[in-house]
Amino acid sequence: MARVFSGIQPTGEVHLGNYLGAVRRWVASQHTDEAIHCIVDLHAITIPKDPAELRAKTLEVTQVLVAAGLDPEVCTLFAQSQVAEHAELGWIMECTAAVGELRRMTQFKDKSDTAGFVSAALLTYPALQAADILLYDTEKVPVGDDQRQHIELARDLAVRFNRRFGDTFVIPAHAIPPVAARVMDLQAPERKMSKSLDSPQGTVLVLDDPKVIERKFTRAVTDSEAEVRYDPEAKPGVSNLLSILAAATDGDPVALAERYTRYGPLKADAAEAVIELLRPLQARFAELAADPTQTNGILALGADKARKTAGATMARVRDRLGLPAV
Ligand code: TYM
């Protein structure tokens, strides 16, 4: 049994990239691994958020995760801000990280280019992410490919801290899926599908109506050739459709390409596979969304469980650093 930790921001809507790259794998591993999953609300506020929207999104993302199959009795599911040790170890990781290495993070570069207000926390974001992971003696971090650099930094910080203060943290590794590690936007297949609102037709939301999903796939941008081939460099649109279909049907994108000679049937099959994959999630979500009190109870239960491990790690860290016990 490995200790697994991963998180998701309560920002925007949960999309197919989040689902295939991360959430689906969390659900699959909860019975074989010791799984801890977190709605990272402190990360979300690095970019200004409306409080009512943040509150609603935190509940909604929790409901999506439970609807996707995360069982709050089996895994640990909570909101980051409910466990104060995240912020506490986040500070210590800021003291461990160098400004230069934080500046090199591509997500910081991307976000600081477009954000109107660049908070200090946008720069130190990966230090908090490292804290999230290290608090739980995490061995595996199941994420999409866009988080690779952040997890590698968490690993570097853990190694650095251990060298300086003695063995304290377990060294984590990322677990990036072989297929659909980077689901691309259906309208702009050279960039990843994301929660930002600027490509509504290119982003398939897990709660989209089946008809909407079908339309988004029908209109997906491909290319002017007429050959179905898996070649992400030369044919990003077609390759993305093949990856999505492969991920949704547990197939292989290269082998699947041989079954198609035209783009239309590929789009139709990808849409159908995604609709079928999401159908049970959508049905369960409708039930959960009707009862926010139950969702708050789920988070409270998870936070109680998480605090035990997080508290023990912080006691160890304080001792190593020469800070008084609390
Ligand atoms: P977030 O909220 O952006 O995304 C949640 C998960 O979805 C994956 N993902 C994708 N996978 C494939 N294709 C895509 N287009 C795609 N878009 C997103 C992400 O890789 C992620 O696994 N910084 C993190 C949250 C975080 C975290 C952590 C993750 C905070 N602390 C500790 C792991 C461990 C983030 O913003 O994810």
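Mentor: Let's start with a definition: helices are DSSP runs of H or I with at least four residues, strands are runs of E with at least two, and both are numbered from the N terminus. With those names, tyrosine 260 falls in the loop between α11 (253-257) and α12 (263-289). Keep in mind that this is a predicted model.

Trainee: Why is tyrosine 260 called buried?

Mentor: The cut-off for buried is under 20% relative accessible area. Tyrosine 260 has 11%, so it counts as buried. As for its surroundings, its C-alpha atom is separated by 8.5 Å from that of glutamate 227, 33 residues apart along the chain.

Trainee: What makes aspartate 137 count as partly exposed?

Mentor: Its relative accessibility is 22%. Partly exposed is the class between the buried cut-off of 20% and the exposed cut-off of 50%, so aspartate 137 belongs there. This residue sits in the loop between α7 and β4, and its phi is near 50 degrees, a positive value in a residue other than glycine.

Trainee: Why would a positive phi be worth a remark?

Mentor: Because most residues other than glycine have a negative phi. Aspartate 250 is another case, with phi near 55 degrees. You will find aspartate 250 in the loop between α10 (236-249) and α11.

Trainee: Is aspartate 250 buried or exposed, and how do you know?

Mentor: Its relative accessible area is 69%. Exposed means over 50%, so aspartate 250 is exposed.

Trainee: And what makes threonine 313 buried?

Mentor: Its relative accessible area is 0%, under the 20% limit, so the label is buried. Threonine 313 belongs to helix α13 (residues 292-321).

Trainee: How do you know that the side chain of threonine 313 makes a polar contact with the backbone oxygen of leucine 135?

Mentor: A polar atom of that side chain lies 2.6 Å from the backbone oxygen of leucine 135. The limit for a polar contact is 3.5 Å, so this pair is within it.

Trainee: On to the aromatic rings. How many aromatic pairs are there?

Mentor: The count comes to 4. One of them joins phenylalanine 5 and tyrosine 136, with ring centres 5.5 Å apart and planes at 5 degrees. Centres must lie within 6.5 Å and stacked planes are under 30 degrees apart, so this is a stacked pair. The two rings come from distant parts of the chain, 131 residues apart: phenylalanine 5 is in strand β1, and tyrosine 136 is in the loop between α7 and β4 (140-142). Both phenylalanine 5 and tyrosine 136 are buried.

Trainee: Why is the pair of phenylalanine 161 and phenylalanine 169 called tilted?

Mentor: Their centres are 4.9 Å apart, with planes at 55 degrees. Stacked stops at 30 degrees and edge-to-face needs over 60, so tilted is the class that remains. Phenylalanine 161 and phenylalanine 169 are both buried. In addition, Phe5, Phe78 and Tyr136 form one aromatic cluster.

Trainee: What makes β1 and β2 a pair of strands?

Mentor: Pairing needs at least two bridges, and β1 and β2 have 6, so they qualify. These strands run parallel, and serine 6 stands opposite histidine 37 in β2. β1 is mostly covered, with 5 of its 6 residues buried. By the rule of at least two bridges, β2 (residues 34-39) and β3 also pair, since 4 bridges join them, again parallel. There, isoleucine 36 stands opposite threonine 76 in β3.

Trainee: How do you know that both faces of strand β3 are covered?

Mentor: Look at the residues of β3 (76-79): Thr76 and Phe78 on one side are buried, and Leu77 and Ala79 on the other are buried as well.

Trainee: Finally, the ligand. Which residues come nearest?

Mentor: Of the 28 residues around the ligand, they are Tyr125, Asp132, Gly144, Asp146 and Lys195. By class, the shell has 12 nonpolar, 11 polar and 5 charged residues. Elements that each supply at least two shell residues include β1 (3-8), α1 (16-29) and α7 (120-134).

Trainee: What makes the ligand's approach to methionine 193 a polar contact?

Mentor: A nitrogen atom of the ligand lies 3.0 Å from a backbone N or O atom of methionine 193, so the pair is within 3.5 Å. Oxygen atoms of the ligand also come to 2.8 Å from polar backbone atoms of glutamine 9 and glycine 144. Overall, the protein covers 96% of the 720 Å² of accessible area that the ligand has on its own.

Conventions:
Residues numbered from 1 in each chain as written. Predicted model: local features only at pLDDT ≥ 70, side-chain atom pairs only at ≥ 80, totals over all residues. Heavy atoms only, no water. Near = heavy atom within 4 Å. Polar contact = N/O pair within 3.5 Å; in protein donor to acceptor, adjacent residues only side chain to side chain. Areas by Shrake-Rupley, 256 points an atom, 1.4 Å probe, with all protein chains shown as cover. Nonpolar A, V, L, I, M, F, W, Y, C, P; charged D, E, K, R; others polar. Buried < 20%, exposed > 50% of the residue type's maximum accessible area, 1.4 Å probe, protein only. Phe/Tyr/Trp six-rings, centres within 6.5 Å; stacked < 30°, edge-to-face > 60°.
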